[in-house]
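Reader: I have a new structure open and could use a walk through it. Can we take it piece by piece?
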Amino acid sequence: MNSPRSRHQTERFGDQSGWRVAVVIPARNEQDRIRGCLDALAASLARARCPGGIVLVVNNTEDATAAMARDWWGAHPDSPGILLDCESPADQAGVGWARRQGLDAASAQLPQDGILMTSDADARVDPGWVAANLAELTQADLICGTVRPMEAELSRLPDAFGRHGPREGAYMQAIVRLISTLDPQPHDPVPAHRNAAGASLAFSARLHADVGGMPCLPIREDRVFVGNAEARDWRIRYAAAPVVLASCRLTGRTGGGMAAALRARVEEDDPLCDELLEPARTALLRYGLKGQLRRSWPDGALVGVLAPHLPPGHDRGGHFGAFWRLVENTLPGLRPIRLRQSDLPAQQKILNDWFAGQSPGRERT
């Protein structure tokens with residue numbers, strides 16, 4: 001029996017020289033949205049006045065996405081770009097795979113100090129998105145931008161969606177405040193949002209190479225990528241200024257992602273919360289210990305106390321992020337626990353009480 005064959009066609013448009021920035025977009029069955037996506041990206045690149053282009057990866061599509069992209073570039077000859085029209089076996093493809101192909105192609109187009117950005121085909125970047133990312137990169141190495149829902153689409157969601165949003169949003173704000181209190185980072189000042197989404201990432205080509213590229217995962221490739229960068233001690237900034245408007249559709253192109261999260265909040269009585277929202281006492285332990293270890297790194301007493309309990313082979317002279325990853329994976333009290341919406345009132349009260357009990361100047365203890 002013959003195995004499925006892969007196809008990978010590359011087409012180039014416009015000026016291919018002198019790129020400093022490349023924006024990578026994975027797209028599958030996006031014929032209804034791809035023109036708007038490309039329009040927004042071209043406008044943002046032009047406003048930034050930084051030479052660069054768009055790398056569009058059309059992956060296992062069954063509609064006219066690739067043809068429409070060719071037509072768009074035909075009508076915009078001054079917008080540099082690369083179109084990768086790919087078809088691969090289903091078990092090898094997915095958004096992580098597509099994003100990786102685009103980032104690898106974009107890296108080859110850029111100098112060593114070039115900048116890579118990613119968004120999504122069903123999103124619309126703000127006109128100032130590219131420029132905002134470039135400005136933020138003067139303060140950090142990897143920028144996780146702000147992803148907001150498209151208001152027109154949000155307003156059309158069933159009324160059931162509104163049952164969960166305010167409560168989850170309030171607890172998310174409390175967790176973000178807790179992180180900034182117990183483990184503050186000078187390169188990531190408040191307000192920070194802690195959302196690592198492929199719809200708005202920006203980073204250097206050096207960082208991309210150092211972490212081994214984008215993971216080929218069907219979902220969560222963006223969060224794993226950011227986690228890998230943190231393990232290598234790259235400075236991560238959860239910034240407000242780079243803004244992307246995301247689709248609120250309930251049927252996505254993967255088995256997870258934003259569409260699945262929205263659908264759960266519409267269809268389920270007690271859906272799971274975002275994975276960042278863990279029980280309050282676990283979060284207090286996690287970020288309290290992380291902050292103390294960071295301040296103790298690499299030769300402090302607390303690091304020495306924990307080191308014998310970790311798997312052999314860790315390097316206290318290496319990256320703090322890698323050491324912390326070992327701690328998280330080893331200590332039973334830090335194992336991830338997902339909350340449901342019904343858990344939030346009690347957890348919110350625990351954090352509210354904790355903040356109320358902190359006297360000025362003592363919140364980090």
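Author: What follows covers the sheet, a helix pair, some aromatic rings and a few backbone details.

Reader: Before that, what kind of model is this?

Author: It is a predicted model.

Reader: OK. What is the strand order in the sheet?

Author: The order is E1-E4-E3-E2-E5-E8-E7-E9-E6, in an open sheet of 9 strands with mixed pairing. Strands E1 (7-13) and E6 (124-125) are the edge strands, and each pairs on one side only.

Reader: Does anything pack on it? I mean, which strands does helix H4 touch?

Author: Helix H4 (residues 129-136) packs on the sheet and touches E2, E5, E6, E7, E8 and E9. The direction of H4 makes about 175 degrees with that of E9.

Reader: Let's look at E5. Which way does E2 run against E5, parallel or antiparallel?

Author: Strand E2 (residues 21-27) and E5 run parallel, joined by 4 bridges. Within that pairing, Val23 has Met117 of E5 as its bridge partner.

Reader: And how many bridges join E5 to E8?

Author: There are 4 bridges between E5 and strand E8 (residues 201-204), and these two run antiparallel. Leu116 is bridged to Phe203 in E8.

Reader: Are the residues of E5 buried or exposed?

Author: They are buried on both faces of the strand, which spans residues 115-118. Ile115 and Met117 lie on one side, Leu116 and Thr118 on the other.

Reader: Back to Val23. What is the bridge partner of Val23 in E3?

Author: That partner is Ile54. E2 pairs with strand E3 (residues 52-59) in the parallel sense, over 7 bridges.

Reader: New topic: helices. At what angle do H6 and H13 pack?

Author: The angle is about 35 degrees, and the axes of H6 (residues 165-182) and H13 (residues 344-356) are 10 Å apart. Their crossing is left-handed.

Reader: Which residues meet there?

Author: From H6 they include Tyr171, Ile175 and Leu178, and from H13 they include Leu351, Trp354 and Phe355. The residues of this contact divide into 11 nonpolar, 3 polar and 3 charged.

Reader: Now the aromatics. How many aromatic pairs are there?

Author: The count comes to 6 aromatic pairs. In one of them, the rings of Phe13 and Trp73 have centres 4.8 Å apart and planes at 0 degrees, so this pair is stacked. Phe13 is in strand E1 and Trp73 in helix H2 (residues 65-75), 60 residues apart along the chain. Both Phe13 and Trp73 are buried.

Reader: Which residues form a cluster with them?

Author: Trp72 joins Phe13 and Trp73 in one aromatic cluster.

Reader: And why is the pair of Trp297 and Phe323 called tilted?

Author: Their planes are at 45 degrees, with the ring centres 5.0 Å apart, so the pair is tilted. The cut-offs put stacked under 30 degrees and edge-to-face over 60. Trp297 and Phe323 are both buried.

Reader: Where do those two sit?

Author: Trp297 is in the loop between helices H10 (280-296) and H11 (301-306), while Phe323 is in helix H12 (residues 320-330). Trp297 is also joined to Pro298 by a cis peptide bond, with omega about 0 degrees.

Reader: Last one. What is the phi of Arg194?

Author: Arg194 has a positive phi of about 70 degrees although it is not a glycine. Arg194 lies in the loop between H6 and E8 and is partly exposed, with a relative accessible area of 22%. Arg220 also has a positive phi, near 65 degrees. Its place is in the loop between H7 and H8, and Arg220 is partly exposed at 38% relative accessible area.

Conventions: Residues numbered from 1 in each chain as written. Predicted model: local features only at pLDDT ≥ 70, side-chain atom pairs only at ≥ 80, totals over all residues. Heavy atoms only, no water. Axes fitted to C-alpha atoms, helices over the stretch in contact; angles between N-to-C directions. Left-handed = near helix turned anticlockwise from the far one by under 90°. Contact = heavy atoms within 4.5 Å. Nonpolar A, V, L, I, M, F, W, Y, C, P; charged D, E, K, R; others polar. Buried < 20%, exposed > 50% of the residue type's maximum accessible area, 1.4 Å probe, protein only. Pairing = 2+ DSSP bridges. Phe/Tyr/Trp six-rings, centres within 6.5 Å; stacked < 30°, edge-to-face > 60°.
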